[in-house]
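Here's a quick tour of a protein model with its ligand. Have the viewer open and follow along.

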Amino acid sequence: MSTAKKEYKRVTVKSLIEMKQNGEKISMLTAYDYSMAKIVDSANVDVILVGDSASNVMAGHETTLPITLDQMIYHASSVVKAAKRALVVVDIPFGSYQSDPKEALRSAIRIMKESGAHAVKMEGGVEIKESVKRILHAGIPVMGHLGLTPQSIYKFGTYTVRAKEDEEAKKLMEDAKLLEKIGCFGVVLEKIPAQLAKKVAEHVSIPIIGIGAGGGVDGQVLVVHDLLGMTHEFNPRFLRRYMNLYEEMGQAIGNYVSDVKSSDFPNPDESY
Ligand code: KIV
């Protein structure tokens, strides 16, 4: 059952800011294809993220680095067709915005034009300020992503909690304020201490969406395959699994295999 306070026919970046002002928590989930996005959208999820986690979940890569701009556009255009209510945000993939602001703008424009998405997400703070500004000036809404930023995994070395030390926490707070100041409509905070995330959410007027950032923020995001228990090897502390689809799907598919082998399927009622 939905606990939304106000009905939104179509969630916009403005609706998200309004939700924060009204104290209504924002729900965000990933989707990478039409069928999953249809289910996610029908369940009234506010924001669908076409995350570059598609690189792991859909393509089986170890990191998010290999996924290309063309592949992200393919995933995003499938999701956009299904999303009737949710705001669709698309990750600009690694290597498509880091070299200079012009390249960043070109990538963002391709995503918006070719997929029909509503906004883009980018990892980083002050380092990507000029690129973010350039995209915003073109009228494209941008969501930031701070804390554990998987596109920088080889700089961090591990997927452990970020910003535990004062210096990194201070920079994260400054980056969040900077992203707010230049016009981002929201920021994802990934895997940082709950106290710090709460403090950031209290110090900025734009929505802060957490993943592994505790309950003191304005909304939550998860990878839908994790929530459904399809990715059974991935067990971070922040993940709440609502199903165990890896097992359930495996059982269903196993039953199909034995029905085919025993000639039980198809039966006369399933034949023409
Ligand atoms: O790519 C992704 O799925 C993400 C979320 C983890 C926030 O960026």
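How many aromatic pairs does a search of the whole structure find? The search turns up 2 aromatic pairs. Keep in mind that this is a predicted model.

Let's take the pairs one by one. In one of them, the ring centres of Phe234 and Phe238 sit 6.5 Å apart, with the planes at 70 degrees. Planes over 60 degrees apart count as edge-to-face, so that's the label for Phe234 and Phe238. As for exposure, Phe234 is partly exposed, at a relative accessible area of 38%. Phe238 is partly exposed as well, with a value of 24%.

The other pair is made by Tyr256 and Phe265. Here the centres are 6.0 Å apart and the planes stand at 65 degrees, so this pair is edge-to-face too. Tyr256 has a relative accessible area of 48%, which makes it partly exposed. Phe265 is also partly exposed, at 37%. For both pairs, the cut-offs for "partly exposed" are 20% and 50% relative accessible area.

Now over to the ligand. Where does it sit? The ligand is found in the second largest pocket. A shell of 13 residues surrounds the ligand, and the closest are Gly51, Asp52, Ser53, Asp91 and Lys121. Sorted by class, that shell holds 5 nonpolar, 4 polar and 4 charged residues.

Three of those closest residues bring polar side-chain atoms up to ligand oxygen atoms:

| Residue | Side-chain atom | Ligand atom | Distance |
|---|---|---|---|
| Asp52 | polar atom | oxygen | 3.1 Å |
| Asp91 | N or O atom | oxygen | 3.1 Å |
| Lys121 | polar atom | oxygen | 2.9 Å |

How much of the ligand does the protein bury? Taken alone, the ligand exposes 260 Å², and the protein buries 94% of that area.

To pull the ligand part together: the ligand lies in the second largest pocket, with Asp52, Asp91 and Lys121 each putting a side-chain atom by a ligand oxygen. On the aromatic side, the edge-to-face label goes to Phe234 with Phe238 and to Tyr256 with Phe265.

Note on methods. Residues are numbered from 1 along each chain as its sequence is written. This is a predicted model: local features need pLDDT of at least 70, side-chain atom pairs count only at pLDDT 80 or more; totals for chains, interfaces and linings use all residues. Side-chain values use heavy atoms; hydrogens and water are left out. A residue is near a molecule or strand if one of its heavy atoms lies within 4 Å of it. A polar contact is a pair of N or O atoms within 3.5 Å; within protein, one must be able to donate a hydrogen and the other to accept it, and residues adjacent in sequence count only if both atoms are side-chain atoms. Accessible areas come from the Shrake-Rupley method with a 1.4 Å probe; for residues, only the protein chains shown count as cover. On a 1 Å grid over the protein atoms alone, a cavity is a set of points where a 1.4 Å probe fits but cannot get out, and a pocket is an open set with protein on both sides within 12 Å along at least five of seven lines; lining residues have an atom within 4 Å of a point. A molecule sits in a cavity or pocket if more than half of its atoms lie within 2 Å of its grid points. Ala, Val, Leu, Ile, Met, Phe, Trp, Tyr, Cys and Pro count as nonpolar, Asp, Glu, Lys and Arg as charged, and the others, Gly among them, as polar. Rings of Phe, Tyr and Trp (its six-membered ring) pair if their centres lie within 6.5 Å; planes under 30 degrees apart count as stacked, over 60 as edge-to-face and the rest as tilted. Buried means under 20% relative accessible area, exposed over 50%, partly exposed in between (1.4 Å probe, protein chains only).
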